Each structure stands twice: as C-alpha cells, then as structure tokens.
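Here is a short report on one protein model. Keep the sequence and the 3D view open while reading.

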Amino acid sequence: MKKGVVLLITLFFITTISLLILKNLDDTDVFLEKQNYSLNNTQVLIAIKNTKNEVSKLLREHKDDIDEVLENELLQTSIPIKIDDLDIKFGIKKYEKIDINEMRNKDSQVIEEHFISNNVFDYELFKEIYEEKLQIENKKVETSKQVDDIINAFIIKSYSEEILRIKEDLGFLKAENLYELSIEAKYNSAIASAYYILKNDGKVEYFDISFK
C-alpha cells in the first residue's frame, strides 16, 4: 500500500474513532454528578468501554489493511480526546510480544535466544522463577501481572535490571492476529487505565483495568 494511501486511512481511522466515541458518550447521556466519587468512577469506566467498543468495530471493518495502518506511530501513541471534563487517551498497536509460556516447550529456544541477543544474562534463573510460579498456581501464565511478578522476582534474585530492556517484549499469548489497546480516562478526580488485547475481529482476548 502506498504511503499516501496509508496516511489517509490512518487519519480517517483517527478521525472516525474520535467522532464515534464522542457520539457514543453523548448518546448515552454519560455525564454524571461531578461531586460524587462513585459516579465519577462510573463515568470513567463507561468512557473506557465506549472507546474499546469503537476501536473493536474499526478493527473489524479494516482488518484487511489494519496492519499497514498501525505502522504509523500516530495510532501507537496516545491519541487525545476531550469532551467537557472528560479526557481520554488511547493508542493501538499490533501485539508482537513473545509468549512467556514458550518455556513450557522443551524444544523452543525463542525466549533464551531473545535474552542472549539483548545481552540479558541468567536465563536459567528466569526459567526457574517461571517454573516456581507454575508450581504455585498450577497453570500457565495468563495475566500481565503474572509476567510482571516473574520479571520483578528475577530483578531481585539476579541483582540486575538488564531484563528491563526486554520487558515490553514479553507477554503471555501467541502473537497471532492480536492487537494491544491502551486507554487512559480521566473525569474530575477519577483516573483509570485499561489494557486490552483484541483479536482482529474486534473480540476481547484479555483485559485489565485499574484506578489511579
């Protein structure tokens, strides 16, 4: 696809999703009492859900050319949307993380090779911590928090922060037609962040939401 066409589709994508989110918020009469902490939180959660819904729709509608469009950093960084006292920032990019659960496959060396190529030492210690995690929970790693826990334990035991160089490369799902969507919404005193992993048909594979 020519660069000019990709740019036009990217700008169309950003404009369309921004307008759809704003219309969605307006149609649902989402603006609630400003002084009520609980309602402020509800406002933020509705904004996040609406943003996710519109991104999912456009992923589905543009699945044939979405990978080329997402090469543009405009969509990968925080795209701001503001309406009255509500601020939303979101970014979407192709999910290209290495599945940490590859360590369960004795024939796979993909993670070890990634350690070596990025000069991160003590892969065996990392694998040991991963296996300890599985023994405690008796299942594969399935959340971002579990990945973070393993990385943090590795930093403590290895007395090194080298792994931070590849932290963003490590995930818990196979990178096949998946996309990462990060959203931050702020309404008065309420601020929340959401992280979604979406399939190319817009369906949610994984998500977590936290308030700040």
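The sections below go from the overall fold to the cores, the surface and the charged pairs.

## Model and confidence

This is a predicted model. Its mean pLDDT is 83. Of its residues, 78% reach 70 or more. One stretch falls well short of that: over residues 28-34 the pLDDT is below 50. Even so, beyond near neighbours in sequence, residues 28-34 have 19 contacts in the model.

## Overall fold

The protein has seven helices and seven strands. Read from the N terminus, the order is α-α-α-α-β-β-β-α-α-α-β-β-β-β. So where do the contacts fall along the chain? Take those with a separation of 6 or more: 64% of them join residues 24 or more positions apart.

The protein holds 212 residues, and 44% of them are buried. The accessible surface comes to about 12,100 Å². Carbon and sulfur atoms account for 49% of that surface.

## Two nonpolar cores

The largest nonpolar core has 28 residues. Which members touch the most other members? They are Ile100, Phe115, Phe126, Phe154, Ile163, Phe172 and Ile197. Four elements give two or more residues to this core: helix H5 (110-117), helix H6 (123-137), H7 and strand E6 (190-199). H6 gives the most, with six residues.

Ile100 shows how the parts meet. Leaving out residues up to four places away in sequence, Ile100 touches Ile111, Phe126, Tyr130, Val141, Val147, Ile150, Gly171 and Phe172. There is also a second, separate core of 24 residues. Its members include Ile79, Ile83, Ile183 and Tyr196.

## Asp149 in helix H7

Helix H7 spans residues 144-158, and Asp149 sits in it. Is Asp149 buried, partly exposed or exposed? Its relative accessible area is 28%, so Asp149 counts as partly exposed. Asp149 and Ile129 are 20 residues apart along the chain, and their C-alpha atoms are separated by 9.6 Å.

## Strand E7 and the nonpolar patch

Leu45, Val204, Phe207, Ile209 and Phe211 make a nonpolar surface patch of about 410 Å². Strand E7 (residues 204-211) gives the most to the patch, with four residues.

Phe211 lies in E7. Its relative accessibility is 38%, so Phe211 counts as partly exposed. Phe211 also has a partner in helix H2 (residues 37-61), where Asn41 is found. Not counting residues up to four places away in sequence, Asn41 touches Ala190 and Phe211. Asn41 has a relative accessible area of 14% and is therefore buried.

## Salt bridges

How many salt bridges does the structure hold? There are 11. One of them joins the side chains of Glu54 and Lys57, at 3.6 Å from N to O. Both residues belong to helix H2; because they are three residues apart, about one helical turn separates them. The two ends differ in exposure. Glu54 is buried, at 3% relative accessibility. Lys57 is partly exposed, at 37% relative accessible area.

Glu184 and Lys212 also meet through their side chains, at 2.6 Å from N to O. This pair links distant parts of the chain, 28 residues apart. Glu184 is in strand E5 (residues 178-187), and Lys212 is in the segment after E7. Glu184 is partly exposed, at 29% relative accessibility. Lys212 is exposed, with a relative accessible area of 64%.

Lys199 forms a salt bridge with Glu205, and the closest N and O atoms are 3.5 Å apart. Lys199 has a relative accessible area of 33%, so it counts as partly exposed. Glu205 is partly exposed too, at 36%. Finally, Lys97, Glu168 and Glu180 are linked in a network of salt bridges.

Key:
Residues numbered from 1 in each chain as written. Predicted model: local features only at pLDDT ≥ 70, side-chain atom pairs only at ≥ 80, totals over all residues. Heavy atoms only, no water. Buried < 20%, exposed > 50% of the residue type's maximum accessible area, 1.4 Å probe, protein only. Contact = heavy atoms within 4.5 Å. Areas by Shrake-Rupley, 256 points an atom, 1.4 Å probe, with all protein chains shown as cover. Patch = residues over 30% accessible without salt bridge, like charges linked within 9 Å, V, L, I, M, F, W, Y side chains within 5 Å. Salt bridge = Lys/Arg side-chain N within 4 Å of Asp/Glu carboxyl O. Core = buried A, V, L, I, M, F, W, Y, C linked by side-chain atoms within 4.5 Å. pLDDT = per-residue confidence, 0-100.
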